[in-house]
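Please look over the protein below before reading on. The report starts with charged pairs and then turns to the interior, the cysteines, one helix and the whole chain.

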Amino acid sequence: MDSLQETKRISLSELCPDMILAKDAVSKSGVVILTKNTRLDKANYKKLEKTDDISKVEIWTYSIDKRNKPFSGTEEKDNAPAAKPRINPILKKPEFKRFHDTYNKKLNEYKNCVKALKNGENTNQEELYGIVEGLVDTANCASDLIHYISYLNKMDDCTYSHSINVAVLSHICATWLHLEKKDIEKASVAGLLHDIGKTSLDLSENEILNGETLSGEKLDKFKKHPEIGYELLIPQDLDDDIKQAVLSHHEKIDGSGYPKGLTDKNLNEISKIVTVCNAYDNLVSIKKRCPFDIINDFEAMNIGRLDTKTLFQFTKNITYTYVSSYVQLSNNKTAQIVFINQNFLSRPIVVTLDGTVIDLAYDKTTKIVSMA
């Protein structure tokens, strides 16, 4: 066997910095805590450590460096004074700056692709996937990508940035659903192209942003964007699943969507993924709502409308990416999320900076109001 393909199953206590997962780390309830090929750092290790039913993980042997000390051996001694938790704002992290720089580069690449498509030029699936893959590769794990996206503020290029976001989220969601690489590629490209029809609408950016609230002729015009996008892509060398996802990303499994009122059996898996990711990013990046506000009602408002398997897996895994994140509470205190309540995803257990433990599933007077 090629040494680069060899793996080793080791306990959490043996994990060291820079080891790379050879398989998804999945809890007994089916939540993907960390995805395959995640390079371990302290934050990732803590996510594994705080998941009670994960005791061992699969590691690529080539990533094992015996010079690195295990995470478990770098914790402070019991008799050492407790250090005050220090918040490092995401916007100031060098990793975020690298992601932001790459994001702007990929955004411009995507704009150029759209311009070329509208001018009748040909593109190909591999080129479009390269835009998404290049951005995904800048982060250590799905958690980072999701958090970075939520902190971006690209209102001046909203249609294009929203498309980039949905592409990245679709890539992550398809990975969580354990799809094959070719289907992950299709979901990513479909997410990237899903709103391409909006770039041809005779509407202002503000009207496009608030499209569902328009009325009369303007609403009719807005609702044509899936068909416009589909027609634009017909001559392109793209998988038909991608084209169908562009056409049907506003369809609902109960037939209440548009443009054709399709139901579950007439929607492919790629379409269902893009529809869920599109709905989520509309709330996070466009409406700028707190992720835990969204999690609180995202499932409830979409059960029976969006694909059940995709919706549940996406919402559950999205929530788990916020373990170890800092949040602002309604009592004006800052706290760190330490545990996700399975039955109350939007109400985790948190620890405030003064060490107070609050189980938000039982303390109904307190809630998360924003990310810190």
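## Salt bridges

The structure holds 17 salt bridges. A salt bridge here is a side-chain nitrogen of Lys or Arg within 4 Å of a carboxyl oxygen of Asp or Glu. This is a predicted model, in which local features need pLDDT of at least 70 and side-chain atom pairs count only at pLDDT 80 or more, while totals for chains, interfaces and linings use all residues. Residues are numbered from 1 along each chain as its sequence is written, and side-chain values use heavy atoms, with hydrogens and water left out.

Three of the pairs are set out here.

| Pair | Closest N to O | Relative accessible area |
|---|---|---|
| Asp 101 and Lys 97 | 3.1 Å | Asp 101 43%, Lys 97 52% |
| Lys 309 and Glu 269 | 3.6 Å | Lys 309 52%, Glu 269 32% |
| Lys 333 and Asp 354 | 3.7 Å | Lys 333 36%, Asp 354 54% |

Some terms help with the last column. Buried means under 20% relative accessible area, exposed means over 50%, and partly exposed is in between (1.4 Å probe, protein chains only). Asp 101 is partly exposed, whereas Lys 97 is exposed. Helices (H or I, at least four residues) and strands (E, at least two) are DSSP runs, numbered from the N terminus. Asp 101 and Lys 97 both sit in helix 2 (residues 94-118). They are four residues apart, about one turn of the helix.

Now take the salt bridge between Lys 309 and Glu 269. This pair links distant parts of the chain, 40 residues apart. Lys 309 belongs to helix 13 (residues 308-320), and Glu 269 to helix 11 (residues 269-286). Lys 309 is exposed; Glu 269 is partly exposed.

Lys 333 also forms a salt bridge, with Asp 354. Lys 333 lies in the loop between strand 5 (326-329) and strand 6 (334-341), and Asp 354 in the loop between strand 7 (344-352) and strand 8 (357-359), so the pair ties together parts 21 residues apart in sequence. Lys 333 is partly exposed, while Asp 354 is exposed. Elsewhere, shared partners join Glu 180, Lys 182, Asp 183, Lys 186, Asp 239 and Asp 241 into one network of salt bridges.

## The nonpolar interior

In soluble globular proteins, nonpolar side chains tend to be buried together. A nonpolar core is a set of buried Ala, Val, Leu, Ile, Met, Phe, Trp, Tyr and Cys residues joined through side-chain atoms within 4.5 Å. The largest one in this model has 93 residues. Leu 15, Leu 48, Leu 193 and Phe 314 have the most contacts inside it. Helix 5 (residues 158-176) gives the most to this core, with nine residues.

Which residues does Leu 193 touch, leaving aside its neighbours within four places in sequence? Contact means heavy atoms within 4.5 Å. Leu 193 is in contact with Tyr 110, Leu 117, Leu 128, Leu 233, Leu 238, Ile 242 and Val 246. A second, separate core has seven residues, including Leu 201 and Phe 222.

## Cysteines

A disulfide is a pair of cysteine sulfur atoms within 2.5 Å. By this rule there are zero disulfides. Why does Cys 141 have no bond to Cys 173? Their sulfurs are 16 Å apart, too far for a bond, and Cys 173 has the closest cysteine sulfur to Cys 141. Cys 141 is buried, at 6%. For Cys 158, the closest cysteine sulfur is in Cys 277, at 16 Å, again too far for a bond. Cys 158 is buried too, at 4%.

## Helix 2 up close

Helix 2 has 25 residues. From first C-alpha to last it reaches 36 Å, close to the 36 Å expected at 1.5 Å a residue. The expected span is 1.5 Å times one less than the number of residues. Its buried residues include Phe 96, Phe 99, Tyr 110 and Leu 117. The buried residues of helix 2 pack against helix 3 (125-136), helix 4 (142-151), helix 5, helix 6 (181-193) and helix 9 (225-233). Just after helix 2, Gly 120 takes a positive phi of about 85°.

## The whole chain

The chain has 13 helices and nine strands. Its C-alpha trace spans about 70 × 55 × 40 Å along the principal axes. Of its 372 residues, 51% are buried.
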